[in-house]
Amino acid sequence: METSDPDDLRDADLYLRGMAFHEAGHAVVAWSLNVPVGDIHIRQMDAGNGGTQIGCSDHLPFIDRIAICFAGIEAAIVFQSPQPSWAGNGDRRMAFALLEGMPEDHAEWLWNRGGVRASDLLVEHTDKVIRLAARLLEVHEVDAAEFLRLMSA
C-alpha cells in the first residue's frame, strides 16, 4: 500500500525500505567523507529505531558534518523512499547542536548547503547506497567489515 502521508507508513515493507535507505544514506555519505562507519541496522515497524555507527567527524568542515546529519533525510528524496517525518528528528537535533551559537544567516546557509552536499554525495554514490540498502533489507544488520566489502564491490 503506497501512501502520500509519510506519517502513515503502515505497510511494513515500505517502512523498512525507507529505513534502509535512511541508514544507507548516513553510512555512505560518512564513508565518502572518510569518516569511519561501524555497524548499521534497521528494525521492523514498532521494534525500535534503526542506526548507523559513525566515527568522529570533528575534523570536517561544517557543511560536511551537516551533510552526514542530513544524509538519511535526503536519501528519502533522492531514492523516493518515504519515511515517517520523525525519522530525521535526531538528525535535525544533531545539526542544530552543530550550528548553535552561530549567526542565524550563516547557520541557515550551512544548514541548506549541508542538505545539498548530502544529496550530491548520495547521487554520486547511488550504486553503493542501493547496494547497502538492499543488503539491509535482506539481513537488517551490517557490521563494519561487511560494510567496507559492500563499498569496495
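Leaving aside its neighbours within four places in sequence, D64 is in contact with L33 and R117. The model in which these contacts appear is a predicted one, and D64 offers a convenient place from which to begin reading it. D64 belongs to helix α2, which spans residues 62-78, and with a relative accessible area of 10% D64 is buried. Its link to R117 is also a polar one, for the side chains of D64 and R117 are joined by a polar contact of 2.7 Å.

From this helix the reader may turn to the pockets. The largest pocket has a volume of about 470 Å³. Among the 23 residues that line the largest pocket, those closest to its centre are H26, T52, G90, D91 and M94. Two or more residues of this lining come from each of the elements α1 (12-32), β2 (51-54), α2 and α3 (89-99), and of the contributors to the largest pocket it is α3 that gives the most, with five residues. In character, the lining of the largest pocket divides into nine nonpolar residues, 10 polar ones and four charged ones.

The second largest pocket has a volume of about 180 Å³. Its lining is made up of 13 residues, and I73, A76, S81, P82 and Q83 are the ones that lie nearest its centre. Here the element that gives the most to the lining is α2, with three residues, whereas for the largest pocket that place is taken by α3. Seven of the residues lining the second largest pocket are nonpolar, five are polar and one is charged.

The loop between α2 and α3 deserves a closer reading, and two of its residues can be taken in turn. P84 is found in this loop, where it counts as buried at 7% relative accessibility. The C-alpha atom of P84 is separated by 24 Å from that of L99, a residue 15 places apart from P84 along the chain. Q80 is found in the loop between α2 and α3 as well, but at 67% relative accessibility Q80 counts as exposed.

Backbone angles add a further detail. Most residues other than glycine have a negative phi. Q80, however, has a phi near 45°, a positive value in a residue other than glycine. N34, which is not a glycine either, has a positive phi of about 65°. N34 is placed in the loop between α1 and β1 (37-41), and with a relative accessible area of 67% N34 is exposed.

The cysteines remain to be considered. How many disulfides does the count come to? Taking a disulfide to be a pair of cysteine sulfur atoms within 2.5 Å, the count comes to zero. C56 is in no disulfide, and the nearest cysteine sulfur to that of C56, belonging to C69, is 12 Å away. Seen from the other side, the cysteine sulfur closest to that of C69 is the one in C56, and because 12 Å lies between them, they are too far apart for a bond. The surroundings of the two cysteines can also be set side by side: C56 is exposed, with a relative accessible area of 51%, whereas C69 is buried, with a relative accessible area of 7%.

Conventions. Residues are numbered from 1 along each chain as its sequence is written. This is a predicted model: local features need pLDDT of at least 70, side-chain atom pairs count only at pLDDT 80 or more; totals for chains, interfaces and linings use all residues. Side-chain values use heavy atoms; hydrogens and water are left out. Buried means under 20% relative accessible area, exposed over 50%, partly exposed in between (1.4 Å probe, protein chains only). Helices (H or I, at least four residues) and strands (E, at least two) are DSSP runs, numbered from the N terminus. A polar contact is a pair of N or O atoms within 3.5 Å; within protein, one must be able to donate a hydrogen and the other to accept it, and residues adjacent in sequence count only if both atoms are side-chain atoms. Contact means heavy atoms within 4.5 Å. On a 1 Å grid over the protein atoms alone, a cavity is a set of points where a 1.4 Å probe fits but cannot get out, and a pocket is an open set with protein on both sides within 12 Å along at least five of seven lines; lining residues have an atom within 4 Å of a point. Grid points are joined across faces, edges and corners, and a volume is the space filled by probe spheres set on the points. Ala, Val, Leu, Ile, Met, Phe, Trp, Tyr, Cys and Pro count as nonpolar, Asp, Glu, Lys and Arg as charged, and the others, Gly among them, as polar.
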